[in-house]
Amino acid sequence: TAGTAALPIVFTSFHDDDCGVAGGCGDTNATTTAPAMGDWLGVVIASNAASATFTHTIIRYGGATGANGSFGANLRIQNNSASVSNATLEYSRLYGIRMDNAGTGVSVANSILRNNNRNVPGQSTGAGAYLAASSPAISNNQFTNNVTGMIMNQASAPTLTNNTFTSNTGNAIESIASFPTSSGSTASGNGGNGMTVQLSVSQNYTLPTDLTTVMSGENTISAGATLTVPAGAIVKSSANTKLTTNGTLTAQGTAASPVVFTSLKDDTHGGDTNGDGSATSPAPGDWKNIIFAQNLATSTLTYATIRYGGASTLGFNNGDNGVLRLTGASISFANSILEYNAYAGMRMEHSTSTVIADSFIRHQRVSANNATDYGLLLFSNSVPSITNTRFTDNEQNILNTNTPAYTDGGGNVFDL
């Protein structure tokens, strides 16, 4: 379909007298019945379709769910050659656009996806866009007043460029076991102003930096895979969130642009990501930890700040605590900061070659947990090398069960 700015093509409900165009489109059904989300199913580009083009096209009031959960979107794309540009996708009962197995030949650009699944009784899901196992190019679009801006899963890998997410009830973006790349995108006024992720990293992947990453629940890096967190990336975590590293975690900050792992409630990094203004403040133990578990590769954290984690449901006398928890693994921790964490900044068990250098380990001091909080907890023959590192305002700087406790590279300072 190829409309123009003055004469767009419209797909809409039989009851729609407005059609989203100046002057409306007339009373087709000769009644006063108002249109509603889900009045019709939608437009489907099937997997065997050669190609499809939607230019200056308006699609409204579709998204009814058919047999076996089919449709559910104003526009559903299932092939590898479709282009949507200067379009408006609005008032769907579920999704403005849905993509299933859509490949890199699919693009959505310069379009508006709005008011999809907004205030539909009995439904709490829905989004401007939903992607399943899809890798389209999505650029210069506006996602506004949807339940969620965009949802992706099933290893989707879209390329997102210069999109804006505003006034969506829930999160700007939700990514489940997917690998999006993103640049130039912004999020404001949403229920969640970041890219909420549940990571299952089975291939090498680099987090984007334009939007704050919000980790939720159980996250993993598989053996043989590397998750890179580049300079300037901010990763916030909600309650009970942890990242288990069986592969490699590489946090590559710089002095000017450090990497930050912190609480979702921490507005000092990345702004008001949880969209609640000043209603909440961060505290030690707001999230769990990053676990390095018997991995063969050495993970590195350079110019990284890790704060407000360390939550433990089992208390001190277990292997569950420590915002950085090393179990049969060793890491390099350099020019970095551990601060305001519960129970311990770093806990090591069978960690034989961890290197800590040029760093600050400070403010592990929580009155509410009725336990001593430590800068480092060293168990089971863990003897890290520590150089030029300052320990400040921890209830106890180091607790060890080894002799010696650590290899002293010199230049360390232990403040009271």
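**Exercise 1. Classify Asp266 and Arg307 as buried or exposed, then find what joins them.**

Solution. Asp266 is buried, and Arg307 is buried too. Buried means under 20% relative accessible area, exposed over 50%, and partly exposed in between (1.4 Å probe, protein chains only). The model is predicted: local features need pLDDT of at least 70, side-chain atom pairs count only at pLDDT 80 or more, and totals for chains, interfaces and linings use all residues. Residues are numbered from 1 along each chain as its sequence is written, and side-chain values use heavy atoms, without hydrogens and water.

Next, the contact. Asp266 and Arg307 form a salt bridge, with the closest N and O atoms 2.7 Å apart. The criterion is a side-chain nitrogen of Lys or Arg within 4 Å of a carboxyl oxygen of Asp or Glu. Asp266 sits in the loop between strand 29 (259-263) and strand 30 (289-293), while Arg307 is in strand 32 (residues 304-307). The two are 41 residues apart, so the pair links distant parts of the chain. Strands (E, at least two residues) are DSSP runs, numbered from the N terminus.

**Exercise 2. Find which parts the salt bridge of Arg390 and Asp415 ties together.**

Solution. Start with the distance: the closest N and O atoms of Arg390 and Asp415 are 2.7 Å apart. Now place them. Arg390 lies in strand 41 (residues 390-392), Asp415 in the segment after strand 44 (413-414), so the bridge ties together parts 25 residues apart in sequence. Then check exposure. Arg390 is partly exposed at 38% relative accessible area. Asp415 is also partly exposed, at 23%.

**Exercise 3. Trace Glu349 from its salt bridge to its strand partner.**

Solution. The side chains of Glu349 and Arg347 meet in a salt bridge (3.2 Å, N to O). Both residues are buried. In strand 36, Glu349 is the bridge partner of Thr327. Strand 33 (residues 324-327) and strand 36 (residues 344-349) run parallel, joined by 4 bridges. Pairing requires at least two bridges found by DSSP. Zoom out: an open sheet of 8 strands has the order 21-24-27-30-33-36-39-42, with parallel pairing. Its edges are strand 21 (200-201) and strand 42 (396-400), each pairing on one side only.

**Exercise 4. Determine the handedness of the disulfide of Cys19 and Cys25.**

Solution. The sulfur atoms of Cys19 and Cys25 are 1.8 Å apart. A disulfide is a pair of cysteine sulfur atoms within 2.5 Å. The count by this rule is 1. The torsion about the S-S bond is about 70°, so the disulfide is right-handed. Cys19 is buried at 7% relative accessible area, whereas Cys25 is partly exposed at 34%.
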